[in-house]
Amino acid sequence: MRSILIVNLISTSIGNTSNFWFSFRLARRLGLIVAVVSIALYELFAVQFAHLFISDTQTVALASEFLRIRVLATPLMFLSFFTVYVFQAFGRGRISLFLGVTRWLVFNIPMLLLLNAVIGMYGIVWSQVTADTLTVILSFYVYRKYRPAVEGRKETDGKG
């Protein structure tokens with residue numbers, strides 16, 4: 001659902017430069033706001049969320065700690081997915097596919113194995129944050145290098 005909304009929002013604005021940059025920035029800001037709110041909610045209610053599924057006190061303590069770590073990846077995941085959706089909106093499916101596959105095969109799975117071997121159980125939890133950090137760096141690089149051409153590009157002020 002999220003991808004359909006972002007792709008439609010951006011792709012319907014492609015012909016109008018000012019609308020495009022407005023839509024681009026609006027979608028990015030809204031996504032990051034949702035991510036920050038998610039972090040706040042998980043920080044405040046991690047124990048209660050864990051209690052929904054777990055009754056053992058020690059397991060709840062671990063689960064809530066894991067949730068608090070894991071949710072830190074939310075804004076990073078959003079930024080990497082947002083880049084994928086932008087390329088999809090411009091019909092650049094190969095770049096989208098490259099970023100999506102790279103996220104899992106090059107970053108997530110190897111980080112999961114590596115950090116589990118080095119840190120243990122907490123490595124599994126931190127692997128998501130680490131992999132998504134690397135994915136965002138790659139996504140920003142790919143965006144800078146291959147960003148779609150928008151007529152009259154004025155990314156800084158959004159006025160075509």
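Rings of Phe, Tyr and Trp, taking the six-membered ring of Trp, are counted here as a pair if their centres lie within 6.5 Å. Good morning, colleagues. The structure shown above is a predicted model, and I shall discuss its aromatic pairs and then its salt bridges.

By the rule just stated, the count comes to 8 aromatic pairs. Let me begin with F24 and Y143, whose ring centres are 6.0 Å apart and whose planes make an angle of 25°. Because planes under 30 degrees apart count as stacked, this pair is classed as stacked. Where do the two residues lie? F24 belongs to helix α2, residues 17-51, and Y143 to helix α6, residues 121-146; the pair therefore ties together parts that are 119 residues apart in sequence. As for solvent, F24 has a relative accessibility of 5% and counts as buried. Y143, at 10%, counts as buried.

The next pair is F78 with F82. Here the centres are 5.5 Å apart and the planes meet at 35°, which makes the pair tilted. Both residues sit in helix α4, residues 74-89, with their positions 4 residues apart in the numbering, about one turn of the helix. F78 and F82 are both buried.

How do these rings fit into a wider arrangement? F24, F78, F82, F87 and Y143 form one aromatic cluster. The stacked pair of F24 and Y143 and the tilted pair of F78 and F82 thus have their members in that cluster.

I turn now to the charged side chains. How many salt bridges does the model contain? The count comes to 2 salt bridges.

One of them joins E43 and R68, with 3.8 Å between the closest N and O atoms. The cut-off for a salt bridge is 4 Å, so the distance of 3.8 Å falls within it. E43 is in helix α2 and R68 in helix α3, residues 57-70, so this contact ties together parts that are 25 residues apart in sequence. E43 is partly exposed, with a relative accessible area of 34%. R68 is partly exposed too, at 26%.

In the salt bridge between R103 and D132, the closest N and O atoms are 3.0 Å apart. This pair links distant parts of the chain, with R103 in helix α5, residues 93-119, and D132 in helix α6, 29 residues apart. Are these two partners buried or exposed? R103 is buried, with a relative accessible area of 5%, and D132 is buried, with a value of 0%.

Thank you for your attention.

How values were computed
Residues are numbered from 1 along each chain as its sequence is written. This is a predicted model: local features need pLDDT of at least 70, side-chain atom pairs count only at pLDDT 80 or more; totals for chains, interfaces and linings use all residues. Side-chain values use heavy atoms; hydrogens and water are left out. Rings of Phe, Tyr and Trp (its six-membered ring) pair if their centres lie within 6.5 Å; planes under 30 degrees apart count as stacked, over 60 as edge-to-face and the rest as tilted. Helices (H or I, at least four residues) and strands (E, at least two) are DSSP runs, numbered from the N terminus. Buried means under 20% relative accessible area, exposed over 50%, partly exposed in between (1.4 Å probe, protein chains only).
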